[in-house]
Amino acid sequence: MRRKKKHLFIICVCMLIMLFPVMEVKAEKLPASPVTVTDVKFNGDTFYAGDTLKYSFVIEDVGIDKFVKEYGYDWSFEYTKKSKGVKTIHVCWASSVGQGVVVSHKWTGTNTKNPRIKIEGELPIKKGMSPGQWKLKYIQLVIDEDSNLEIVDVDEDDYSFVLKYDFIGTDFLVKGTKADVQAPTIKLNSLKLSKRRIKKNQKSKFSVKVKDDSDIQEVTCEFGLFKWGNDTKQYDKMFYGTMKYNKKKKRYEYNVKYNTKKYKKAQLIRVVAEDEFGNRKGNYGDYTSSDRKYYDAYKRIMIYSK
């Protein structure tokens with residue numbers, strides 16, 4: 001059964017951590033992490049396929065509010081009066097060879113009299129996980145829709161704008177598994193539209209089949225919009241949507257709707273599919289020459305305005 005985890009915007013491949021662009025840091029050296037991680041507990045230290053790692057640790061807010069107010073704009077962090085503290089925590093468990101799994105938790109601690117929160121969760125050990133050493137690699141704190149703070153393990157590459165923290169005691173061993181390094185397969189012959197022409201307020205359902213040996217984490221589609229009078233191949237605007245899995249039809253679906261008075265057509269640009277281990281098919285950049293078949297298939301998916 002394929003499933004899709006809802007992540008806020010990030011779709012994070014653990015060892016390719018993409019932090020938001022930075023302008024310049026006000027301090028000459030990196031500020032200290034505004035959170036600490038303590039009291040790490042596991043239900044074992046070695047796990048095999050089929051086992052479940054049960055973990056808990058305590059995250060304490062030791063200065064998030066102060067940090068974002070002082071460094072906010074330099075860290076692409078727009079902290080406004082509407083900000084009400086951390087909403088969600090994404091924790092990434094990663095192997096020594098770069099494979100990772102993200103687990104999300106609700107945050108209920110910051111900006112209260114008790115700025116501590118105990119994180120408790122489970123990590124199923126699956127056959128597609130890479131064998132060897134695993135540990136907590138980063139924590140992402142989601143505050144606003146576009147505001148995220150990422151605290152990265154000290155072993156990561158030394159980017160000048162990365163907040164570092166030593167997640168000591170968060171390592172465990174996985175044995176008897178084989179790493180899944182294959183990206184999902186996007187079935188080009190399954191691309192389908194419910195309508196080729198739409199009127200005002202109408203929708204066309206776009207759907208596609210995606211296969212993978214591991215669970216699918218996310219499938220997105222991207223469309224380009226062409227204004228009336230635009231007879232070029234270059235679209236005027238683009239939008240993307242997260243597709244939902246229809247278990248009955250075994251398809252990923254997305255309802256395409258646009259202003260038919262302003263735009264004469266919408267054309268599929270690409271489909272991006274990512275599995276639970278971060279293997280991705282369909283970069284957000286242009287396809288390479290070896291992927292030409294995808295581009296050729298996608299450009300035939302057009303929705304016209306009546």
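The following exchange concerns salt bridges, one helix and one sheet in a predicted model.

Biologist: What makes Asp215 and Lys126 a salt bridge?

Modeller: The closest N and O atoms of Asp215 and Lys126 are 3.0 Å apart, and the cut-off is within 4 Å. The pair therefore counts as a salt bridge. Asp215 lies in the loop between β13 and β14 and Lys126 in the loop between β6 and β7, so the pair ties together parts that are 89 residues apart in sequence.

Biologist: Why is Asp215 called buried?

Modeller: Its relative accessibility is 15%, and buried means under 20%. Lys126 has 23%; partly exposed runs between 20% and 50%, so Lys126 is placed there.

Biologist: How do you know that Lys205 and Glu253 form a salt bridge?

Modeller: The closest N and O atoms are 3.8 Å apart, and the limit is 4 Å, so the pair qualifies. Lys205 lies in strand β13 and Glu253 in strand β17. Five bridges join these two strands, which run antiparallel.

Biologist: Why are β13 and β17 said to pair?

Modeller: Pairing needs at least two bridges, and β13 and β17 have five, so they pair. In β17, Tyr252 is the bridge partner of Val208.

Biologist: What puts Ile64, Phe67, Val68 and Tyr71 on the same side of α1?

Modeller: These four residues of α1 are buried. They cover an arc of only 90 degrees around the axis, which puts them on the same side of the helix. The face turned away from that buried side carries the exposed residues Lys66 and Lys69.

Notes: Residues are numbered from 1 along each chain as its sequence is written. This is a predicted model: local features need pLDDT of at least 70, side-chain atom pairs count only at pLDDT 80 or more; totals for chains, interfaces and linings use all residues. Side-chain values use heavy atoms; hydrogens and water are left out. Buried means under 20% relative accessible area, exposed over 50%, partly exposed in between (1.4 Å probe, protein chains only). The arc is that of the directions from the helix axis to the C-beta atoms. A salt bridge is a side-chain nitrogen of Lys or Arg within 4 Å of a carboxyl oxygen of Asp or Glu.
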